[in-house]
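Let's take a walk through this protein together. Have the model open and follow along as we go from the overall fold to the inside and then to the open spaces.

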Amino acid sequence: MKEVGIKASRRRVRPGNGILFAATIILAVLFLAPVFFAIISAFKSNGEILKNPMSLPTTLYLKNFQDLFAQSDFVTAIFHSVVLTLVSEVLIVFIVPMAAYAMERRRTRTTIFIYTYFLAGMMIPFHLYMFPLFKEMKMFGLFGNLAGPIACYISGSVAFGSLLYCSFLKGVPLEIEEAAQIDGCNPFQTFWKVTFPLLGPCTASMVVLNGLGIWNDFLMPYLVLPSDRAKTITVEVYSFVGQYTARWDIVFAGTVCSIIPALIIFVLLQKYFVKGITAGLGKRVI
C-alpha cells in the first residue's frame with residue numbers, strides 16, 4: 001500500500017507543470033497553424049483559397065505545382081538558393097571556427113577587443129547600414145551577382161558564430177591540444193584534426209541557423225541580384241503577388257517546395273542543434 005501511495009504521488013501533476021504544458025500546446029498550435037494553412041492551400045485552386053481559406057482541399061489539386069514551374073524560372077531559382085546556401089555554409093564553417101579559436105586560445109587585449117567589436121556589430125540593425133553596404137558592394141563589383149550575398153552572409157555570421165564557438169571551446173580541454181602539439185602537430189593541424197571534430201554540435205547549430213536564414217532570406221537577393229533574371233526561391237514566389245492580383249495557389253505551392261528541404265535538414269540535425277545552442281551556458285563570455 002505504501003508503494004502504491006508513493007507511485008500515486010509521483011504521478012500527481014503539479015499545477016505549475018500543467019500550466020506550462022498548456023502554454024506549450026497553445027504556442028505549438030499558433031506556430032504550426034501558418035504551416036498547416038500553407039500546406040492545405042498548396043493543394044487548392046486560387047478560387048477555392050479565396051472562397052474558403054481555412055477549409056481542407058476537396059480534391060488533390062496539383063496544377064499549382066505545374067503552373068509554378070511553367071510560369072516562372074523556378075528551377076534556376078532553386079539552383080541559386082542551393083548555391084547561396086551551400087557555398088556560404090562551407091565558407092562559414094571554414095572561417096568562423098578558426099576566428100573563434102584564435103580569439104579564445106590566444107587571449108590578449110587585441111583579441112578581446114576584436115571579440116567585443118564583433119559582438120557590438122550584432123547590436124546594429126541590418127537596415128541601418130543596408131544602403132552603404134550596397135554602395136560598397138558596387139565598388140568591389142559584388143553587386144548584381146551571387147558573390148555579393150555570399151560575402152554578406154559570411155561576414156554577417158562571424159559575430160554570432162564567434163560567440164557560439166567561443167562558448168563551446170571553453171568546454172574543450174587544453175590538454176588534448178597540448179598532447180597533439182607534443183606529437184608534432186602545428187596549430188593549424190591541431191585545430192582541424194583534434195579540436196574541430198569535437199565542435200560537431202556547435203557546427204551543427206551554425207549550419208542549421210545560418211542555413212535556414214540564408215535559404216529563407218528575401219531582402220538580400222531581392223535587392224542585390226538583377227531584376228531581369230531568376231533570383232532565389234523566396235523572390236520567385238513573391239513575383240506572383242501583384243498590386244491588384246495574386247496567384248495564392250502558386251505562392252503556397254512554392255512555399256511548400258521551399259519548406260521541405262529546410263525541414264529535412266532541421267530534423268536530421270535537431271539533436272546536435274539543441275546541444276550546440278545550450279553549450280557554454282553559464283560560462284564566462286569574455
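Start at the N terminus and read along the chain: the elements run α-α-α-α-α-α-α-α-α-α-α-α-α-α. That makes 14 helices and 0 strands. Keep in mind that what you're looking at is a predicted model.

How do these helices come together? Take the contacts between residues at least 6 apart in sequence: 71% of them join residues at least 24 apart. As for what is tucked away, 36% of the 286 residues in the chain count as buried.

Now let's head inside. The largest nonpolar core has 32 residues, and Tyr165, Leu199 and Met220 are the ones with the most contacts inside it. At least two residues of this core come from each of α5, α6, α7, α8, α10 (187-198), α11 and α12. Helix α8 gives the largest share, 10 residues. There's also another core lying apart from this one, made of 16 residues, with Ala38, Trp215, Ile250 and Ala262 among them.

Tyr165 is a good place to stop for a moment. Which residues does Tyr165 touch once its neighbours within four places in sequence are left aside? The list is Val96, Pro97, Ala100, Leu199, Cys202, Thr203 and Met206.

One of those partners, Ala100, sits in helix α5. Is Ala100 buried or exposed? Its relative accessible area is 0%, so Ala100 is buried. Setting aside neighbours within four places again, Ala100 is in contact with Ser162, Tyr165, Cys166 and Leu169. You can also check how the chain comes back to this spot: Ala100 and Phe168 are 68 residues apart along the chain, yet 9.9 Å separates their C-alpha atoms.

Cys166, which turned up among the contacts of Ala100, leads to the cysteines. The structure holds 0 disulfides. Cys166 is accordingly in none, and its nearest cysteine sulfur, that of Cys202, is 9.3 Å away. Since buried means under 20% relative accessible area, Cys166 counts as buried because its value is 2%. Cys185, on the other hand, has 22% relative accessibility, so it counts as partly exposed.

Next, the open spaces. The largest pocket has a volume of about 1,000 Å³. It is lined by 31 residues, and the closest to its centre are Tyr129, Cys152, Ser155, Gly156 and Ser157. Several helices share in this lining: α6 (109-121), α7 (130-139), α8 (147-169), α11 (200-215) and α12 (219-224) each supply at least two residues. Which helix gives the largest share of it? That's α8, with 10 residues. By class, the lining splits into 22 nonpolar, 7 polar and 2 charged residues.

The second largest pocket has a volume of about 230 Å³. Its lining includes Val82, Thr85, Leu86 and Glu89, along with Val207, Val208, Gly211, Leu212 and Trp215, and then Pro261, Ala262 and Ile265. Two or more of these residues come from each of α5 (74-105), α11 and α14 (248-278). Here α11 provides the largest share, 5 residues. The lining has 9 nonpolar, 2 polar and 1 charged residues. Look for Trp215 and Ala262 once more: they are in this lining, and they also belong to the 16-residue core we passed earlier.

Notes: Residues are numbered from 1 along each chain as its sequence is written. This is a predicted model: local features need pLDDT of at least 70, side-chain atom pairs count only at pLDDT 80 or more; totals for chains, interfaces and linings use all residues. Side-chain values use heavy atoms; hydrogens and water are left out. On a 1 Å grid over the protein atoms alone, a cavity is a set of points where a 1.4 Å probe fits but cannot get out, and a pocket is an open set with protein on both sides within 12 Å along at least five of seven lines; lining residues have an atom within 4 Å of a point. Grid points are joined across faces, edges and corners, and a volume is the space filled by probe spheres set on the points. Helices (H or I, at least four residues) and strands (E, at least two) are DSSP runs, numbered from the N terminus. Ala, Val, Leu, Ile, Met, Phe, Trp, Tyr, Cys and Pro count as nonpolar, Asp, Glu, Lys and Arg as charged, and the others, Gly among them, as polar. A nonpolar core is a set of buried Ala, Val, Leu, Ile, Met, Phe, Trp, Tyr and Cys residues joined through side-chain atoms within 4.5 Å. Buried means under 20% relative accessible area, exposed over 50%, partly exposed in between (1.4 Å probe, protein chains only). Contact means heavy atoms within 4.5 Å. A disulfide is a pair of cysteine sulfur atoms within 2.5 Å.
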